[in-house]
Amino acid sequence: MTLQLNFGRVEDMNKSSLTTTALTILRVIAGFLFAAHGWQKFNEFTIAGTQASFTQMGVPGASAVAPIVATLELVGGIALIIGLLTRVFAALLAVNMLGALFLVHAPAGVFVGNGGYELVLLFAGAALALALAGAGRISADAALFGRQSSKLRVLA
């Protein structure tokens with residue numbers, strides 16, 4: 001019996017370490033890609049170009065939405081990388097990607113080569129997973145809000 005309990009503790013420790021590693025990898029990669037897309041909207045496409053593109057795609061309120069989306073993707077992506085307010089930014093980014101899916105990409109089918117939704121669905125799934133699971137132990141959230149006594153522990 002003791003051997004089984006000790007084995008269970010080792011297994012729990014390994015699972016916890018793997019979960020921490022998995023969340024960190026997901027957070028950093030998703031954050032990098034979101035930030036890259038936000039940066040692209042500011043610097044390669046420009047906000048004016050992004051507004052025109054959003055208008056052409058039929059995005060409601062494209063003039064207001066384009067700079068909000070670009071800022072969310074850039075700032076939210078950086079926040080995910082460092083693990084700061086991860087659940088908040090991840091939830092906002094998931095909503096952003098679901099908006100892109102339903103407003104723009106769904107009619108084109110699955111594949112991104114045809115303008116489809118595969119990439120935005122993957123981004124939405126990654127962001128939703130982070131919104132639900134949080135940043136993990138290797139994050140600014142854990143450092144700032146992870147103490148048992150913290151009133152903002154829900155953010156960690």
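The exercises below, each with a worked solution, concern a predicted model.

**Exercise 1.** Find how far helix α5 reaches from its first C-alpha to its last, and set this against the expected span.

Solution.
- Step 1: Helix α5 covers residues 118-133, a run of 16 residues.
- Step 2: The expected span is 1.5 Å times one less than the number of residues, and for α5 this comes to 22 Å.
- Step 3: The helix reaches 22 Å in the model, close to the expected value.

**Exercise 2.** Which residues of α5 are buried, and which are exposed on the other side?

Solution.
- Step 1: Buried means under 20% relative accessible area, and exposed means over 50%.
- Step 2: The buried residues of α5 are Val120, Phe123, Ala124, Ala126, Ala127, Leu130 and Ala131.
- Step 3: These residues lie on the same side of α5, because they cover an arc of only 165 degrees around the axis.
- Step 4: Leu122 and Leu132 are exposed on the other side of α5.
- Step 5: Just after the helix comes Gly134, with a positive phi of about 85 degrees.

**Exercise 3.** Which helices each supply at least two residues of the nonpolar surface patch, and where does the largest share come from?

Solution.
- Step 1: The patch consists of Ile25, Val28, Ile29, Phe32, Leu33, Ile78, Ile81 and Ile82. Together they have about 670 Å² of accessible area.
- Step 2: Helices α1 (2-43) and α3 (62-82) each supply at least two of the patch residues.
- Step 3: The largest share, 5 residues, comes from α1.
- Step 4: Ile78, a patch member, is found in α3. Its relative accessibility is 42%, so Ile78 counts as partly exposed.

**Exercise 4.** Describe the loop residues Thr46 and Leu85 by their phi angles and accessibility.

Solution.
- Step 1: Thr46 is found in the loop between α1 and α2 (47-56), and Leu85 lies in the loop between α3 and α4 (86-105).
- Step 2: Phi is near 65 degrees for Thr46, a positive value in a residue other than glycine. Leu85, also not a glycine, has a positive phi near 50 degrees.
- Step 3: With a relative accessible area of 36%, Thr46 is partly exposed. Leu85 has 30% and is partly exposed.

**Exercise 5.** Where does UniProt place the feature "transmembrane region", and how much helix is found over residues 59-82?

Solution.
- Step 1: The unreviewed UniProt entry places the feature at residues 21-39, 59-82, 89-113 and 119-140.
- Step 2: Residues 59-82 are 88% helix and 0% strand, with end C-alpha atoms 31 Å apart.
- Step 3: For another of the spans, residues 89-113, the values are 68% helix, 0% strand and 28 Å between the end C-alpha atoms.

Notes. Residues numbered from 1 in each chain as written. Predicted model: local features only at pLDDT ≥ 70, side-chain atom pairs only at ≥ 80, totals over all residues. Heavy atoms only, no water. Helix = DSSP H or I, 4+ residues; strand = E, 2+ residues; numbered from the N terminus. Buried < 20%, exposed > 50% of the residue type's maximum accessible area, 1.4 Å probe, protein only. Arc of directions from axis to C-beta. Patch = residues over 30% accessible without salt bridge, like charges linked within 9 Å, V, L, I, M, F, W, Y side chains within 5 Å. Areas by Shrake-Rupley, 256 points an atom, 1.4 Å probe, with all protein chains shown as cover. Salt bridge = Lys/Arg side-chain N within 4 Å of Asp/Glu carboxyl O. UniProt positions renumbered as here; feature names shortened; annotations may be inferred.
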